[in-house]
Amino acid sequence: MKTTLVTVTLCLVILMATGNPFERRGGLAAGGKEKRVQYAAWDDVNVIAHGLLQLGQGLKEHVDKTKGQMRDITAKLKAFNGTVADLGQEGQRLQEEGDALKARARGLEDREVQVLNVTAELRERTEEMQQERKRVDERMNKLEEKVDGMLQGEGLPDMNAGNYSDARIIQGTLSVFFQWMLEAQNKRIDDLVNRVRLQQDKLDKQNVRIRTLQNQIQLTKERPAFRRKPEEAVHNGSIEQRDSPIEMASDCHELFLKGETASGVYTIQPLNYQSFEVCCEMTAEGGWTVIQRRQNGSVDFDQLWLAYQSGFGSLSGEFWLGLEKMHAVAKDTDYTLKVKFSDWMDDSETVQYPIRLGGEESHYALHIQETSIGNLESSLATEASGLPFSTRDQDNDQKSDTNCAKHLSGGWWFSNCGRSNLNGRYFMSPPPKQRHQRKQGVFWKTWRGRYYPLKTTVMMIAPIAIENKS
């Protein structure tokens, strides 16, 4: 472009120096003859025309290039305006979430104050009842001493056999009366103590929820105003790295405490164990780590020991998380096992157990701490030594003459072969007519019986501190 402009400029300068090639130079010469008309050379005209064409073409290219740059700048400005608008909306949403969490925290704090007031009042009433009990005991002791004195003739110099008999009757009557009073008083005191204990339990649960909300508020404050889009994180062919890595959570409930409230697949890393993906079910009270799911029979659960140890299936469908991963999550503290199942009439039920899960040395023995929370009798044995896990190539059940896993299909914590098996064969409705086939299905004996295959099952674990709600 610059070369073309220089060429055209030189041509114009030469022409100006030599005069206008198209202007006729008139007049007579000194000898009286008419001077011959001179014109510019044809080559000069071609040079000028070619230079003008190049100049026009260059200007056109420059204009087109400028238009393209203007369009790019306009598009970038629109994208920038959209990003600014998105940032504003995201900031407003985070502000609203923070305000909502603060409001919930204030409400829970008010409830905590109310619970504390009620607890203090109940404690005062308990102390008053205990003092009243002491006074009643003292009065009863004095009355007994007085009756004993009457029986021994103190204050009754003319006592005869009839008076003695009456005194014995009075003593017996008073003893029965005061015994009844003491029992009634003890019952009232026990009721008050139970109420105080229940209030204390509620207070502890409120404290857990308050701490959870406080952690969520803190994380909301520390969270950046927006999440970087994947395409924006790539710069010059490399992915930007965070300045400081975020410590990975050890289970789904810790993810919940870090601010994650949406159910889905996350990566966790228990203490002294490698990281792995889990399916988390988030509730209002906390996060549950799902360890098993049956829903359509797409995965064969009749697997060997190594498969049950490492896990199989898909976290987005049917799966078994793996005994080793379960133990890595639950080995350091007491956990709650929640079992949810449904039948082919779409009725559902939920039971919960406080548990401890042993390691490989105990064949991942399952220890049930106490009776289940729910309406069903336990279909998992509560032996003090725990129930080891069994598969058809690792017979650890308590039935000496039968391999329950091989007899029923699937691995499970078998005590004998008839209480429960959520990893059995999946039968579509209607189930097989043969009884020996139906007993190989997915069943929970205390709900629908041993010969009624279930439709869906979900097993999940969480720290026992979570307020459990079915």
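The following exchange asks how certain labels are reached in this predicted model.

Me: How many aromatic pairs does the model contain, and what makes two rings a pair?
Reply: The count comes to 14 aromatic pairs, where rings pair if their centres lie within 6.5 Å.

Me: Why is the pair of Phe-341 and Trp-444 called tilted?
Reply: The ring centres of Phe-341 and Trp-444 are 5.3 Å apart and their planes meet at 40°; since planes under 30 degrees apart count as stacked and those over 60 as edge-to-face, an angle of 40° fits neither class, and the pair is therefore tilted.

Me: Where in the chain do Phe-341 and Trp-444 lie, and are they buried or exposed?
Reply: Phe-341 belongs to strand β8 (residues 335-342) and Trp-444 to strand β12 (residues 443-444), so that the pair links distant parts of the chain, 103 residues apart; both Phe-341 and Trp-444 are buried.

Me: What makes the pair of Trp-412 and Trp-413 edge-to-face?
Reply: The centres of these two rings, Trp-412 and Trp-413, lie 5.5 Å apart with planes at 65°, and because planes over 60 degrees apart count as edge-to-face, the pair takes that name. Both Trp-412 and Trp-413 are buried, and ring pairs link them into a cluster whose members include Phe-301, Trp-305, Tyr-308 and Phe-389.

Me: How do you know that Arg-294 lies over the face of Phe-301?
Reply: Arg-294 is placed at 3.9 Å from the ring centre of Phe-301, which satisfies the distance part of the rule, since CZ of Arg must be within 6 Å of the ring centre, and the rule also asks for a position within 35 degrees of the ring normal. Arg-448 likewise lies over the face of Trp-447, at 4.2 Å from the ring centre.

Me: Why is Ile-73 called partly exposed?
Reply: Its relative accessibility is 45%, and because buried means under 20% and exposed means over 50%, Ile-73 falls in between and counts as partly exposed. Ile-73 is placed in helix α2 (residues 42-151), and together with Met-70 and Leu-77 it forms a nonpolar patch on the surface, with about 290 Å² of accessible area together.

Me: What makes Ser-316 exposed?
Reply: Ser-316 has a relative accessible area of 66%, and because exposed means over 50%, the label follows. Ser-316 lies in the loop between β6 (312-313) and β7 (319-320), and, leaving aside neighbours within four places in sequence, Ser-316 is in contact with Arg-293 and Gln-295.

Technical notes:
Residues numbered from 1 in each chain as written. Predicted model: local features only at pLDDT ≥ 70, side-chain atom pairs only at ≥ 80, totals over all residues. Heavy atoms only, no water. Phe/Tyr/Trp six-rings, centres within 6.5 Å; stacked < 30°, edge-to-face > 60°. Helix = DSSP H or I, 4+ residues; strand = E, 2+ residues; numbered from the N terminus. Buried < 20%, exposed > 50% of the residue type's maximum accessible area, 1.4 Å probe, protein only. Patch = residues over 30% accessible without salt bridge, like charges linked within 9 Å, V, L, I, M, F, W, Y side chains within 5 Å. Areas by Shrake-Rupley, 256 points an atom, 1.4 Å probe, with all protein chains shown as cover. Salt bridge = Lys/Arg side-chain N within 4 Å of Asp/Glu carboxyl O. Contact = heavy atoms within 4.5 Å.
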